[in-house]
Amino acid sequence: MKDFEVLKTLVSLNTIKDKENDKLTNYVETFKKNLGFKTEEKGKNLVMSVGENPRLGFLGHMDTVEFIDGWASNPHELTIVGDNIFGLGVCDMKGGIAAMLDAITETDFSKLSYGMKIYLTHDEEIGFSGTYSLVNNNEVFPDNMIFGEPTDNKALIGCKGLLECECYFNGIKVHSSTPAKGKSANLNAVKFIYELSKFYEENIKPFKENAFEVPYTTMNVGLLNGGSAKNSIPAECYASFDFRLVKKEHAEILLNKMNELAAVYDCDIKVIESIAPFINEVDFIKSDGCASFMTEASLINTKTKIILGTGPVTAHEVDEHISKQSYDMLVEQYKEIIQKVCK
């Protein structure tokens, strides 16, 4: 563990947009077969298990985001400076995967009553395709699942939900000198956003769920694009909406209001994602609150879900890094969970 060989190997593989996932799954499959694991699925995802009646599962995504210029070291080469470990994905989330593998290596499963499973998924950074394929194929997940997203060693027992929508506003294009002959998609979009924002401020935002760092449902207009010329009334306008939900019912309330406004402002609405929030009870580890960001945990239906990974949280940053101390601590946390859940 002290030489970080597993993490070094994972970082050396270019899994941006799943490019070298096959090399990563081959490495992990060989690694874990030597520890008594059997392969249950191998393709874009890798699913392996050990022992009988698996009570615990670890899940990690293999893909990373692209890196941008400005790194002080080679992003695909593990670099250690003092207590810091640098490398693309070392935080999000190859550090979590490597810690899982190291914890498993130091566990004698012959002395445990229950087995465990490990899931390595693809396409988390873009569309959650890997996890969706597991769910759609009716994978039976263990009662207790650990997700190795970076949390700075805090055990998060919940996650906000997500409502993501795209809105397409329709207008009639004419010259700007005769606006009465046309219909401005841009103005309709602005009015729609104003009324929806006012409704959100009065009816959604006041509800608080203090388990989350940001204790209310948030609203964001991420993209707004319309028009083709300064002197033309725009016939089309596009807007994207992103709500991070603290309450399941907020999705339905917001969609009902958006559909009501769409009838007034000539808008077509497309729901991209609608995922419920969750908070679960945990009795085998101390809770440190809930995540405000989205994880694969939100897509999986099982008894207990914990988000627990390395730190500091430098995901998607230039010179992405974690600390040696955090990594070693995470291995011990994972080992303790295995012993408690699978004893």
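The following exercises, with worked solutions, concern the pockets and nonpolar cores of a predicted model.

**Exercise 1.** Describe the largest pocket by its volume, its lining and the elements that contribute to the lining.

*Solution.* Begin with the volume: the largest pocket holds about 760 Å³ of space. Next, consider the lining, which comprises 37 residues, with E124, R244, S292, F293 and M294 lying nearest the centre of the pocket. Two or more lining residues come from each of β9 (161-170), β10 (218-226), β11 (236-245) and β12 (267-275). The greatest contribution is that of β11, with 5 residues. Finally, sort the lining by class: 17 residues are nonpolar, 8 polar and 12 charged.

**Exercise 2.** Determine how the lining of the second largest pocket divides by class.

*Solution.* The second largest pocket has a volume of about 220 Å³. Residues that line this pocket include R55, D143, E281, K303 and K340, as well as V282, F284 and V341. Division by class gives 3 nonpolar, 2 polar and 7 charged residues.

**Exercise 3.** Identify the element that gives the most residues to the largest nonpolar core, and trace the contacts of L56.

*Solution.* The largest nonpolar core contains 52 residues, and L7, L56, F58, M116, Y334 and I338 have the most contacts inside it. Elements giving two or more residues to this core include α1 (5-12), β3 (56-61), β6 (116-121) and α7 (324-342). Of the contributors, α7 gives the most, with 8 residues. Now take L56: beyond its neighbours within four places in sequence, its contacts include M116, I146, I337, I338 and V341. A second, separate core has 26 residues, among them L163, C237, L245 and L255.

Notes
Residues are numbered from 1 along each chain as its sequence is written. This is a predicted model: local features need pLDDT of at least 70, side-chain atom pairs count only at pLDDT 80 or more; totals for chains, interfaces and linings use all residues. Side-chain values use heavy atoms; hydrogens and water are left out. On a 1 Å grid over the protein atoms alone, a cavity is a set of points where a 1.4 Å probe fits but cannot get out, and a pocket is an open set with protein on both sides within 12 Å along at least five of seven lines; lining residues have an atom within 4 Å of a point. Grid points are joined across faces, edges and corners, and a volume is the space filled by probe spheres set on the points. Helices (H or I, at least four residues) and strands (E, at least two) are DSSP runs, numbered from the N terminus. Ala, Val, Leu, Ile, Met, Phe, Trp, Tyr, Cys and Pro count as nonpolar, Asp, Glu, Lys and Arg as charged, and the others, Gly among them, as polar. A nonpolar core is a set of buried Ala, Val, Leu, Ile, Met, Phe, Trp, Tyr and Cys residues joined through side-chain atoms within 4.5 Å. Buried means under 20% relative accessible area, exposed over 50%, partly exposed in between (1.4 Å probe, protein chains only). Contact means heavy atoms within 4.5 Å.
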